Amino acid sequence: KTLLDGCFDQYDVVRTWQIILFFGAALLYFIAMMFQALQMSTQRPSRIYFKLSQASVFAGILCTTTSVIVTSTPDYLSLVPLNQIVPSCGKQFDQLVHTAVSLSIGLAQMMISIVQTAG
């Protein structure tokens, strides 16, 4: 068991939600494309297909945006047993250590996310 096991477990859960949201967005974009095809194939174009297409695209954009942001929302530092590792000294020192560790963990999670997204 390592120091960051809780963080990685939470990241795996959030990553699963990110993938689900990506697939949901892709499905919504496909539905929007189908509404556009229906609008173009009818004899008299109906505005209802256009409105449904716009709504599907908007919902897809919301899913895409949420899926990009979702990996940064958990508080990964609260999952690290910091009190077991660093003894409590003083209030200001504890806050400094907490801030430094949270920045380090946040940067590490961000780099992992970027590498996984890019590669």
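In this predicted model, the largest nonpolar core is made up of 6 residues, namely Cys7, Tyr11, Tyr76, Leu77, Val80 and Ile105. Ile105 offers a handy point of entry to this group. Setting aside residues up to four places away in sequence, Ile105 touches Leu4, Cys7, Tyr76, Leu77 and Val80. Of these partners, Cys7, Tyr76, Leu77 and Val80 are listed with Ile105 in the largest nonpolar core.

Ile105 also leads to a helix pair. Helix H1, spanning residues 5-41, packs against helix H4, spanning residues 91-118, at an angle of about 40°, and the two axes lie 12 Å apart. H1 is therefore oblique to H4, and the crossing in which H1 passes H4 is right-handed. On the H1 side, the contact is made by Cys7, Phe8, Tyr11 and Arg15; on the H4 side, Ile105, Gln109, Ile112, Ser113, Gln116 and Thr117 take part. Sorted by class, the contact of H1 with H4 comprises 5 nonpolar, 4 polar and 1 charged residues. Cys7, Tyr11 and Ile105 thus appear in this contact as well as in the largest nonpolar core.

Another set of contacts involving H1 centres on Phe35, which is found in that helix. With neighbours within four places in sequence left out, Phe35 is in contact with Tyr49, Leu52, Ser53 and Ser56. For readers who like to check a distance, the C-alpha atoms of Phe35 and Gln54 are separated by 9.1 Å, with the two residues 19 residues apart along the chain.

How values were computed. Residues are numbered from 1 along each chain as its sequence is written. This is a predicted model: local features need pLDDT of at least 70, side-chain atom pairs count only at pLDDT 80 or more; totals for chains, interfaces and linings use all residues. Side-chain values use heavy atoms; hydrogens and water are left out. Axes are lines fitted to C-alpha atoms, for helices over the stretch in contact, and angles run from 0 to 180 degrees between N-to-C directions. Helices (H or I, at least four residues) and strands (E, at least two) are DSSP runs, numbered from the N terminus. Angles under 35 degrees count as roughly parallel, over 145 as roughly antiparallel, 65 to 115 as roughly perpendicular and the rest as oblique. A crossing is left-handed if the near helix is turned anticlockwise from the far one by less than a right angle, and right-handed if clockwise. Contact means heavy atoms within 4.5 Å. Ala, Val, Leu, Ile, Met, Phe, Trp, Tyr, Cys and Pro count as nonpolar, Asp, Glu, Lys and Arg as charged, and the others, Gly among them, as polar. A nonpolar core is a set of buried Ala, Val, Leu, Ile, Met, Phe, Trp, Tyr and Cys residues joined through side-chain atoms within 4.5 Å. Buried means under 20% relative accessible area, exposed over 50%, partly exposed in between (1.4 Å probe, protein chains only).
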